[in-house]
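Hi everyone, thanks for making time for this. I'd like to walk you through a structure that is probably new to most of you, so let's put it up on the screen.

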Amino acid sequence: MAMATHFSFPVSEGSRGRGRFVRNLVRAVASGDSVAPATSEKVKLGGSDLKVTKLGIGVWSWGDNSYWNDFQWDDRKLKAAKGAFDVSLDNGIDFFDTAEVYGSKFSLGAISSESLLGRFISERKERDPGAEISVATKFAALPWRLGRESVITALKDSLGRLGLSSVDLYQLHWPGLWGNEGYLDGLGDAVEQGLVKAVGVSNYSEKRLRSAYERLKKRGIPLASNQVNYSLIYRAPEQTGVKAACDELGVTLIAYSPIAQGALTGKYTPENPPSGPRGRIYTREFLTKLQPLLNRIKKIGENYSKTPTQVALNWLVAQGNVIPIPGAKNAEQAKEFAGAIGWSLTDDEVSELRSMASEINPVVGFPVEYL
């Protein structure tokens, strides 16, 4: 049975964009090819063979009760997380990023994010065996973990929680105090043992990024990604040379906290700051300074029938070689995130938002990213 497909393009894109869209559509229909939703379009992750959607979903909050979820995890939040997973897939987003520390006892969590993701994958596969799901997880560079063997051991533990025989992307969550060469060797071993399709790092400075890239390159293994804190109001990767190095080396930048943990959604105001630890970061004073930018984001979004969240995420995609991974707690958020791709801000709008954001002093980022 044929499936109806809906198409949209920004009203400000002009006749050239509409003409290109129509030509491609007519060509596809004439050839009998199916036209996939824009959200399902995939891109290569760095120099690896792995292809993922242009936007992924971060699952740090799943099972966590130490930073997210107002310090409590219950069945209602579990069902909401399951809804986020299913709706993401239903809307063409199938790239999920987790970590061994998310929701773990080590981080004072309620239940492992990896275990939840594994459960959701298993349940989805039961009713849809052909579902394509790409999983990324991370190795915690804890001080007592030494040598390449520690990476393989931790990876196998993660695979057990996920219920998988391999993952698509395995990352070093942060640089260790020592032994980073061994960790990188462990990543290479994981590739050669068929436990992962691609490997990456996270929170790596330009210097560390280049060193990791060269060490893996000697084994013929591409460094696929560097996952860092990056958003319209936190552009440290540009200022430290990380973004430029990623572009030069062909390493994909995966952007975590791409909507600044909700600050760019417009949900929070000086009168209604976020709860929990985020309230100490995105203070009333900061949110007051943020309001002019949020108002402009909202106005631009209205021209495209898009929300502030979707505009902020699209701004990141417009930087090129960037895959945002906003965290989805529920189905509504997941559906909104999917609407952030498949359209484009104009160059003038991208520049205007950057200029306005430059007037706001950023909040503090991850502790090790400048090392």
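Let's begin at the surface, with Gly 160. Is Gly 160 buried or exposed? Its relative accessibility is 58%, so Gly 160 counts as exposed. You'll find Gly 160 in helix 4, which covers residues 147–162. Now look across to Glu 114: the two are 46 residues apart along the chain, and their C-alpha atoms are separated by 9.2 Å.

Before I go on, please keep in mind that this is a predicted model. The mean pLDDT of the protein is 88, with 86% of its residues at 70 or more. Residues 1–36 are the stretch to treat with care, since pLDDT stays under 50 there. For that stretch, the model has 19 contacts beyond four places in sequence.

Staying on the surface, which residues make up the nonpolar patch of about 380 Å²? They are Leu 146, Leu 177 and Trp 178. Leu 177 sits in the loop that runs between strand 6 (167–172) and helix 5 (180–192). With a relative accessibility of 66%, Leu 177 counts as exposed.

Now for the aromatic rings. How many aromatic pairs does a search of the whole structure find? The search finds seven. One of them is formed by Phe 85 and Phe 96, a tilted pair with 4.9 Å centre to centre and 35 degrees between the planes. Phe 85 belongs to helix 2 (residues 75–90) and Phe 96 to strand 4 (residues 95–97), so this pair ties together parts that are eleven residues apart in sequence. Phe 85 counts as buried because its relative accessibility is 0%. Phe 96 is buried too, with a relative accessible area of 0%. If you widen the view, Phe 85 and Phe 96 join Trp 62 and Phe 120 in one aromatic cluster.

My last stop is Pro 273, in the loop between strand 9 (252–256) and helix 9 (278–281). What does Pro 273 touch, leaving aside its neighbours within four places in sequence? Pro 273 is in contact with Tyr 268, Tyr 282, Arg 284 and Leu 287. As for Glu 285, it lies twelve residues from Pro 273 in sequence and 9.9 Å away in space, C-alpha to C-alpha.

That's the tour. Thanks for listening, and I'm happy to rotate the view for anyone who wants another look.

How values were computed. Residues numbered from 1 in each chain as written. Predicted model: local features only at pLDDT ≥ 70, side-chain atom pairs only at ≥ 80, totals over all residues. Heavy atoms only, no water. Helix = DSSP H or I, 4+ residues; strand = E, 2+ residues; numbered from the N terminus. Buried < 20%, exposed > 50% of the residue type's maximum accessible area, 1.4 Å probe, protein only. Patch = residues over 30% accessible without salt bridge, like charges linked within 9 Å, V, L, I, M, F, W, Y side chains within 5 Å. Areas by Shrake-Rupley, 256 points an atom, 1.4 Å probe, with all protein chains shown as cover. Salt bridge = Lys/Arg side-chain N within 4 Å of Asp/Glu carboxyl O. Contact = heavy atoms within 4.5 Å. pLDDT = per-residue confidence, 0-100. Phe/Tyr/Trp six-rings, centres within 6.5 Å; stacked < 30°, edge-to-face > 60°.
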